[in-house]
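Please look through the chain shown below, from its overall pattern down to single residues.

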Amino acid sequence: RDNSWATLFYAHSGESFSVGLINFWLARKEKKKQQQWFMRGSESKLALKRWTQSCQWTFEAKWYLLEAEEAFCNHDYEAAKPFYEKAMLSAYQHKFVNDEALACELAANFYLHLKENDKAVHHFSLAYQCYHDWGAYGKCKSLSEYVESHLNRKLDMNVRRGESTDSSATSLQQSSLLQTSVELGKRRANN
């Protein structure tokens, strides 16, 4: 049976995800072509949204992460926060530890931008744990060095999901964090 179309489709979806992340990042960094980069990022996000409707398991976390990055670009920080949390939770629930690591790291950078250093370190610590579980030890080392040199802090190796530092978190965020905490506890117990 020929599955080359499926392989091509999956490769294209990964490319769309990467292109979306890159374009939203460029939209934040390059003011001259900001609108161009933003539109490209939004196109990638819409493609992921369509694919999510056909295969939630594979694409949901990626779509949530692009939603978060788009909100970040729009300076809609309150909208971005729950999308980062949803991306982390979805990646965890669907067993994509690499996407979970990326979602945690991008959330950390988001909080760093907001100068919420405690939340940034918390999310960098979560990213470290995910990268470690994934076997990306070089990434763990560079992440640890980055946090120490830029924030003059050490990563918390005992960090647990669900310990929100946002006292004004919405009930959606709180339930998402609680569910993530329970799931992560089960995951750690099984390892």
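Along the sequence the chain reads α-α-α-α-α-α-α-α, with eight helices and zero strands. The model is a predicted one. Of the 191 residues in the chain, 49% are buried. The surface that the chain exposes comes to about 10400 Å², and carbon and sulfur atoms supply 53% of that area. Among contacts between residues at least 6 apart in sequence, 60% join residues at least 24 apart.

Helix H3 covers residues 56-73 and contains Tyr-64. The relative accessible area of Tyr-64 is 14%, and Tyr-64 therefore counts as buried, the cut-off being under 20%. Leaving aside residues up to four places away in sequence, Tyr-64 touches Phe-83, Lys-86, Ala-87 and Ser-90. For one of these partners, Ala-87, the separation is 23 residues in sequence, while the C-alpha to C-alpha distance from Tyr-64 is 5.0 Å.

Helix H5 runs over residues 97-113. Its 17 residues should span 24 Å at 1.5 Å a residue, because the expected span is 1.5 Å times one less than the number of residues. The end C-alpha atoms of H5 are 24 Å apart, in agreement with that expectation. H5 is mostly covered, with twelve of its 17 residues buried. Among them are Val-97, Ala-101, Cys-104, Leu-106, Phe-110 and Tyr-111. The buried residues of H5 also include the acidic Asp-99, Glu-100 and Glu-105. After H5 comes Lys-115, which has a positive phi, near 65°.

How values were computed: Residues numbered from 1 in each chain as written. Predicted model: local features only at pLDDT ≥ 70, side-chain atom pairs only at ≥ 80, totals over all residues. Heavy atoms only, no water. Helix = DSSP H or I, 4+ residues; strand = E, 2+ residues; numbered from the N terminus. Buried < 20%, exposed > 50% of the residue type's maximum accessible area, 1.4 Å probe, protein only. Contact = heavy atoms within 4.5 Å. Areas by Shrake-Rupley, 256 points an atom, 1.4 Å probe, with all protein chains shown as cover.
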